[in-house]
Amino acid sequence: MQRKSELFTSESLLHNPLHLLVNRVPEGFYAPFHAHDFIELCYVAEGRGYHHIEDEIIPVQKGMLFVLPVGVSHVFRPATPDASGNRLIVYNCLFDNHMVERLMVIVQEPPILAHLSALAANSCAYYHIHDHNGRIENLLLDLYRESYGDGTGSETMLITLVSQLVVTVYRTKSGETGKCAEGAAEFAHILRYLENRLAEPLTLKELSESSGWSVRHLQRMFHKHTGQTFGSYLQNLRVQKSCELLRSTSLKIHLIAEAAGYRDTDSFHAVFKKITGLTPLEYRKLHNS
């Protein structure tokens, strides 16, 4: 006998312009068995319990990600009714065809596009994967934080993060995580090197000499792990740093420009406005107000 299922709609849940919702839910026994007219990615962040999907009951634990196409019925249940014990915490990322259409512009690879289309059309089965390296959890945490922030460029950041999540999930499902993780730890040192030396002149040649990688290999690594060129990544990193200083300090604009690695204030103003849509002073006033 098929269980009765309620329908959760995007109209009632996805109210922002991106038609995207990312939340963090302590699961209990109150949520109904339900289907939805949007795609849902569910990540088990803490605890243990059970995931009831259609006619299947799957024991769950931290690090499991479930990918549910449109129309699939499910509900999570904790392992015990004792709320003070080992709580079951799940991050959910929900989006409908509006977001899928945006992702279709960003994602270039036909297999991933076909997979997205199948999820939206309910023409593929639900599945789950294991997040062995924590990459998926970090993306969901970034999405969750960005969803509840009000920083300039949030929509762009959210679309970028969702596209990274979709690609990472597809790679994991396809068994490509070993290849994709190759060099990731070493490359993370490069990114930390940049973050710690933003006030200094930074070039690919210098990074090549300090890392032992060729300039060409570094260019490939930036594209692979960030989706950006070295110059674009560095520019965005410097603007992010200056935004942080504008929000949290009363430093003069020219000092913030220097701290972010800009020797010419006019160049700093031009780049900052190009990326954020505001001048540094307008950005500071907006966030102070």
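Trainee: Which residues does Ser 242 touch, not counting residues up to four places away in sequence?

Mentor: Ile 256, Ala 260, Phe 268 and Phe 272, where contact means heavy atoms within 4.5 Å. This is a predicted model, so local features need pLDDT of at least 70, side-chain atom pairs count only at pLDDT 80 or more, and totals for chains, interfaces and linings use all residues. Residues are numbered from 1 along each chain as its sequence is written, and side-chain values use heavy atoms, with hydrogens and water left out.

Trainee: Why is Ser 242 called buried?

Mentor: Buried means under 20% relative accessible area (exposed is over 50%, partly exposed in between; 1.4 Å probe, protein chains only). Ser 242 has 0%, so it is buried.

Trainee: How do you know that the span of helix α5 agrees with its length?

Mentor: The expected span is 1.5 Å times one less than the number of residues. For the 20 residues of α5 (residues 154–173) that gives 28 Å, and the end C-alpha atoms are 28 Å apart, so the two agree.

Trainee: What makes the lining of the largest cavity 9 nonpolar and 1 polar?

Mentor: Ala, Val, Leu, Ile, Met, Phe, Trp, Tyr, Cys and Pro count as nonpolar, Asp, Glu, Lys and Arg as charged, and the others, Gly among them, as polar. The lining residues are Ile 39, Leu 41, Val 67, Phe 95, His 115, Leu 116, Leu 119, Tyr 127, Val 166 and Val 169. That leaves no charged residue in the lining.

Trainee: Which element gives the largest share of that lining?

Mentor: α3, with 3 residues.

Methods
Helix = DSSP H or I, 4+ residues; strand = E, 2+ residues; numbered from the N terminus. 1 Å grid on protein atoms, 1.4 Å probe; cavity = no way out; pocket = protein on both sides within 12 Å on 5 of 7 lines; lining within 4 Å.
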